[in-house]
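Q: I'd like to zoom in on one part of this chain and really get to know it. Please walk me through the middle sheet and whatever packs around it, one piece at a time.

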Amino acid sequence: MTLLDLTPRVHADDPLRALPVVIIGAGPIGLAAAANLLERGIDFEVLEAGDDVAASVRAWGHTRLFSPWKHLVDPASRRLLDRVGWRHPDPERAPSGIELVEQYLAPLAAIDEISSRVRTGVEVIGVTREGMDRTRTERRARTPFAVRVRAADGRIDDIAARAVIDASGTYRSPNPLSSSGLDLLGMPEIADRVTAALPDVLGRDRALFAGRHVTVVGAGHSAANTLLALVTLAREEPGTTVSWLIRNAQALRVSSSPDDGLIGRANLGSRTDRAVARGDIVLVDGFEIIRGRRAGEGVELVGHRGGEVATHATDVVVNATGFRPDLGMLREIRLELDDIVEAPKRLAPLIDPNVHSCGTVEPHGFRELMHPEHGFFIVGMKSYGRAPTFLLATGYEQVRSVTSWLAGDMGSASRVDLVLPATGVCSTDLGGGASCC
Ligand SMILES: Cc1cc2nc3c(=O)[nH]c(=O)nc-3n(C[C@H](O)[C@H](O)[C@H](O)COP(=O)(O)OP(=O)(O)OC[C@H]3O[C@@H](n4cnc5c(N)ncnc54)[C@H](O)[C@@H]3O)c2cc1C
């Protein structure tokens, strides 16, 4: 393990000080990082690829969260919102994604000092040090970051930064359908019959599924959410049938978490189990997908089951196999990642789903999130790499610690005494079956 220098190196006379901290992504954690930096009096710029803030949460906005409001609001953001007369939603109620945006994230992003520093429609496509690829060491920590961005009109530019907080989540980089982790063979042939995770089955995307045989692939809570919506659709729309294809022998580890502290999440598992038992969902277990191919109007998934070649025919496929971090844009940054979950090395043992099937995540801050690249942090959902267990309360503590460190307040940065609610942990099936909440 590389020994890290934990001291912030931006001194009063350092030219880096004149530059903003760049935050990648205006999701819940990116905005919380902005609120913390604002409180610290550190300039920042938030770069958001979507047309609006919280673009990823909006995409799954029809889905209800498991956590009640009391665990969803960042303390620093709340202090800012209180100043503009914000009313905290019912703390015991769990919102949908769109309620989270409309009642919390959008008002937060609209606060003048934040809105003036958020740029939407700007995608980060690379991060490096000005004039230095990752092989150059001399004066590295004193050289500004260069954050390469592509604007909606296609224009590409570099933005100088004193530090970078990557809060870009994982929602935009789903796992492939194949068990190998590589792109599914034959995918271009069937792409028009495959949807991303968490479609709005009973709303926007209804016509895609009504009257069809729909196969959901994946063993996590995203899959369970979609399956239950499809069961409802099947009652309303004759001819709709539902299959659930997983690669493990066991149906859903989500369902076998009686100690899951989040009641909504535990209920999701047991409701899914009951739907399988009733025959509303046909479970196809132990199926390792290798290839997809066209079959008339529908598709066939070809793979191995019980040591034999097997074929599963369906009309539409929902890819709920989970998400992975996009590391391509960080190619020139010196990262230290766990070789299994792709989370920062010191964080990985705390969250590795091979070890933690259920339980609480220990509080952690800048120490666990540091990389050999001084001043660069991955936070939020992306910091968990391929582990699907991230909760917002953890991310808020991450950015509180990281921004304290950036401010040179080592006392506050080191004090990570978060007491999380009983979090439980989502079911998982690493590298192809893992699925976020
Ligand atoms: C259906 C669902 C339910 C969940 N329920 C809960 C729950 O009950 N409780 C809980 O605590 N957590 C829950 N989570 C987990 C987690 O809290 C959320 O995924 C949360 O949105 C993560 O926040 P984030 O800010 O890290 O990432 P995101 O919300 O994914 O935000 C990342 C932002 O970065 C932007 N972006 C991505 N790439 C780039 C780029 N290259 N350049 C610029 N911008 C970029 C995206 O557009 C997005 O706006 C749930 C997740 C899902 C999917």
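A: Start with helix H12 (residues 392–406): H12 lies across E1, E7 and E16, and runs at about 175° to E7. Here helices (H or I, at least four residues) and strands (E, at least two) are DSSP runs, numbered from the N terminus. An angle runs from 0 to 180 degrees between N-to-C directions, with axes fitted to C-alpha atoms, for helices over the stretch in contact. Contact itself means heavy atoms within 4.5 Å.

Two quick notes before going on. This is a predicted model, with local features needing pLDDT of at least 70 and side-chain atom pairs counting only at pLDDT 80 or more, while totals for chains, interfaces and linings use all residues. Residues are numbered from 1 along each chain as its sequence is written, and side-chain values use heavy atoms, leaving out hydrogens and water.

Now for the strands under H12. They belong to an open sheet of five strands in the order E3-E2-E1-E7-E16, with parallel pairing; two strands pair if DSSP finds at least two bridges between them. At the edges you'll find strand E3 (118–120) and strand E16 (376–378), each pairing on one side only. From one strand to the next, the twist averages 15°.

Take E1 (residues 21–24) as your anchor. Four bridges tie E1 to strand E7 (residues 163–166), and the two run parallel. Two spots to click on along that pair: Val21 stands opposite Ala163 in E7, and Ile23 stands opposite Ile165 in E7. E1 is also joined by four bridges to strand E2 (residues 44–48), again running parallel. There, Val22 has Glu45 in E2 as its bridge partner.

Next, look at where the side chains of E1 go. In a regular strand the side chains alternate between the two faces of the sheet. On E1, both faces are covered: Val21 and Ile23 on one side, and Val22 and Ile24 on the other, are all buried. Buried means under 20% relative accessible area, exposed over 50%, and partly exposed in between (1.4 Å probe, protein chains only).

So what does the covering? You've already met H12, which lies across E1, E7 and E16. Helix H1 lies across E1, E2 and E7, running at about 160° to E1.

Back in E7, Ile165 deserves a closer look. Leaving out residues up to four places away in sequence, Ile165 touches Val21, Val22, Ile23, Ile24, Ala33, Leu37, Phe377, Val379, Val402, Thr403 and Leu406.

Ile165 also turns up when you look at the nonpolar cores. A nonpolar core is a set of buried Ala, Val, Leu, Ile, Met, Phe, Trp, Tyr and Cys residues joined through side-chain atoms within 4.5 Å. The largest one has 83 residues, and those with the most contacts inside it are Phe44, Leu100, Tyr104, Ile165, Val379 and Leu406. Its largest share, eight residues, comes from H1 (residues 28–40). There's a second, separate core too, with 17 residues, including Ile24, Ala161, Val164 and Ile378. As a rule of thumb, in soluble globular proteins nonpolar side chains tend to be buried together.

Stepping outward from H1, you come to helix H3 (residues 75–83), whose buried residues are Ala76, Ser77, Leu80 and Leu81. Seen down the axis of H3, these fall within an arc of 135° (taken from the directions from the axis to the C-beta atoms), so they line one face of the helix. They pack against H1, helix H4 (97–110) and helix H5 (112–115). After H3 comes Gly85, with a positive phi near 75°.

For contrast, there's another open sheet, this one made of three strands in the order E4-E5-E6, with antiparallel pairing. Strand E4 (122–129) and strand E6 (156–161) are at its edges with a single partner each, so one side of each has no neighbour in the sheet. Neighbouring strands of this sheet are turned by 30° against each other on average, direction ignored. Strand E5 (residues 145–151) is joined to E6 by six bridges, and Arg150 stands opposite Ile156 in E6.

Finally, zoom out. The chain has 13 helices and 16 strands, and buried residues make up 56% of its 437 residues. Among contacts between residues at least 6 apart in sequence, 72% join residues at least 24 apart.
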